[in-house]
Amino acid sequence: MNVSVVWFRDDLRVADNPALLAAAADGGAVALYVLDEVSDGIRPLGGAAKWWLHHALKDLRSELNALGIPLLLCRGPGTKVTQELLTTLGATSIYWNRRYGGPERAVDGALKEWAQETGLHAESFQASLLHEPWTVTTGAGNPYQVFTPFWRTVSAHDFRAPLGKPDAGRGLTGEFSPETSLMTEELESWALLPTSPDWAGGLRDTWRPTAAAAQELLTDFLQGPVGDYSDARDRPDQHGTSRLSPYLRWGQISPFQVWAALAETRSGGTATAGGVGAGSPGPSVFASELGWREFCWHQLFHHPDLATVNLRSQFDTFPWRTAEDDELAPEQLAAWQHGRTGIPLVDAGQRELWHIGTMHNRVRMVAASFLIKNLGFDWRLGEQWFWDTLVDADAASNPANWQWVAGSGADAAPYFRIFNPVTQAKKFDPMGRYVTAWVPELATEQYPEPLVDLQQSRRNALADYASIKTVSTEV
Ligand code: FAD
């Protein structure tokens with residue numbers, strides 16, 4: 001029997017997985033996951049992301065086992081490890097779903113080249129994005145820099161329906177048990193979970209990192225909250241958003257699955273009391289948020305160094321503070337990280353992040369703006385902190401959004417937009433429920449004085465930004 005390998009990466013699901021389907025249709029399938037922390041340019045995962053990955057792999061293994069497909073775990077440089085495994089197994093083919101980051105594409109490209117030289121069948125598929133970056137360009141053939149025309153162009157199309165799971169019994173578990181052989185490592189040996197200290201209690205209480213949980217969240221969201229999404233999505237004191245971001249990040253649910261379920265809701269299929277009636281803007285606004293995810297990935301594809309280099313080069317000379325710039329810098333940065341800035345909405349968000357690995361989108365914008373514009377720090381310091389602490393830490397969405405807030409990115413916030421955390425709190429957390437949930441000592445003497453004066457620091461930022469003065473340019 002042919003041995004076909006499916007290489008899992010950020011697509012940790014068995015349904016709507018074209019690479020898995022292809023492997024299962026081509027002889028006996030074996031699944032592989034490679035923990036690659038060493039290939040050139042591959043960004044090591046942050047702490048919260050590792051926690052998620054551990055659980056997602058356990059879930060994937062049990063889903064694959066039910067199909068009779070063994071999951072092998074290997075560690076090392078992706079191209080080399082995969083080549084060795086294919087050779088040892090005597091495999092005839094390898095399948096994967098495409099990735100869009102620069103270093104990842106280099107790894108995959110090298111493997112494809114090797115496979116072609118060796119006479120192995122290698123095939124890749126579209127699974128993580130509704131639109132592959134090279135398929136969407138302006139009339140002049142350039143990538144879009146502005147979201148609205150991007151979305152106008154791409155949202156006019158429909159997409160393929162989600163694919164099913166492979167039939168059970170197409171894997172090699174029955175006649176060959178590589179899991180017990182030396183080819184696979186123990187998940188526990190990767191030490192992805194924190195032990196001393198075990199800081200993951202809040203994550204465990206908050207999240208179920210399984211593909212089944214993603215489907216349940218989607219169903220619940222579409223049966224109710226999506227109707228009010230256009231308003232409620234800005235309210236950190238309400239459950240107005242889908243909470244799907246980590247599942248999309250890890251590919252436990254695909255954008256095709258979300259889009260198809262949403263389309264059914266929009267056509268009236270599953271609309272219920274939540275009011276997804278005709279004319280409700282909620283579903284369209286939600287669809288456009290999926291569009292922002294795509295827009296971020298397209299940016300990363302065209303700018304592989306999005307996490308480190310300003311998209312707008314005029315920002316290269318901007319006088320941002322670093323962590324060592326002045327005496328106060330390390331202390332102020334730590335105060336922001338741990339939610340002790342004396343600005344309640346910022347502190348609530350940073351504590352939410354630290355405890356449960358996420359932060360409401362509105363508060364992400366406010367906390368990021370405060371770090372960059374009121375404290376004057378380089379956006380890369382905030383990006384790195386989010387990368388380490390978010391369960392949805394995403395190689396594209398995280399830097400793209402940080403650059404958006406800083407003003408250095410695509411379709412960026414204008415330089416004069418400096419979120420005022422006090423008025424933002426009044427508007428989006430009017431009863432103070434969100435803030436008091438995370439900052440219970442707010443009205444006591446234990447709560448610190450503000451690190452900076454909001455008005456003065458705003459004026460300072462405007463003066464610095466005045467030297468740059470960017471405006472969004474439509475292309
Ligand atoms: P919903 O409101 O239900 O939206 C549905 C989906 O659309 C999300 O799950 C997400 O996949 C996508 N989406 C929504 N907003 C955005 C956006 N602005 N950019 C890109 N995709 C979006 N999102 C991440 O997935 N990973 C990150 O690392 C990340 N870092 C961010 C950093 C900053 C400074 C900011 C301001 C935003 C960041 N976001 C990031 C975007 C956004 O905050 C989260 O996607 C959102 O809060 C997730 O909650 P949800 O799943 O309930 O979203």
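Student: Between which helices is the loop where Pro197 is found?
Tutor: This is a predicted model, with pLDDT of at least 70 needed for local features and 80 or more for side-chain atom pairs, while totals for chains, interfaces and linings use all residues. Residues are numbered from 1 along each chain as its sequence is written, and side-chain values use heavy atoms, without hydrogens and water. Helices (H or I, at least four residues) and strands (E, at least two) are DSSP runs numbered from the N terminus. On that basis, the loop with Pro197 runs between helix H5 (147–154) and helix H6 (201–206).

Student: Is the peptide bond from Ser196 to Pro197 cis or trans?
Tutor: Most peptide bonds are trans. From Ser196 to Pro197, omega is near 0°, and the bond is cis.

Student: What is the phi of Asp16?
Tutor: Asp16 lies in the loop between strand E1 (3–8) and helix H1 (18–24). Asp16 is not a glycine, yet its phi is positive, at about 50°.

Student: How far is an oxygen atom of the ligand from an N or O atom in the side chain of Tyr229?
Tutor: Polar contacts to the ligand are pairs of N or O atoms within 3.5 Å. A backbone N or O atom of Leu244 is 3.0 Å from a ligand oxygen, and a polar side-chain atom of Glu289 is 3.0 Å from a ligand nitrogen. For the side chain of Tyr229 and a ligand oxygen, the distance is 2.5 Å.

Student: What percentage of the area that the ligand exposes alone does the protein bury?
Tutor: Accessible areas come from the Shrake-Rupley method with a 1.4 Å probe. Alone, the ligand exposes 830 Å², and the share buried by the protein is 95%.

Student: Which helix gives the most residues to the shell around the ligand?
Tutor: The shell has 25 residues (a heavy atom within 4 Å of the ligand). Helices H9 (245–249), H11 (282–302), H14 (361–374) and H16 (397–406) each give two or more residues. With six residues, the one that gives the most is H11.

Note on methods. A polar contact is a pair of N or O atoms within 3.5 Å; within protein, one must be able to donate a hydrogen and the other to accept it, and residues adjacent in sequence count only if both atoms are side-chain atoms.
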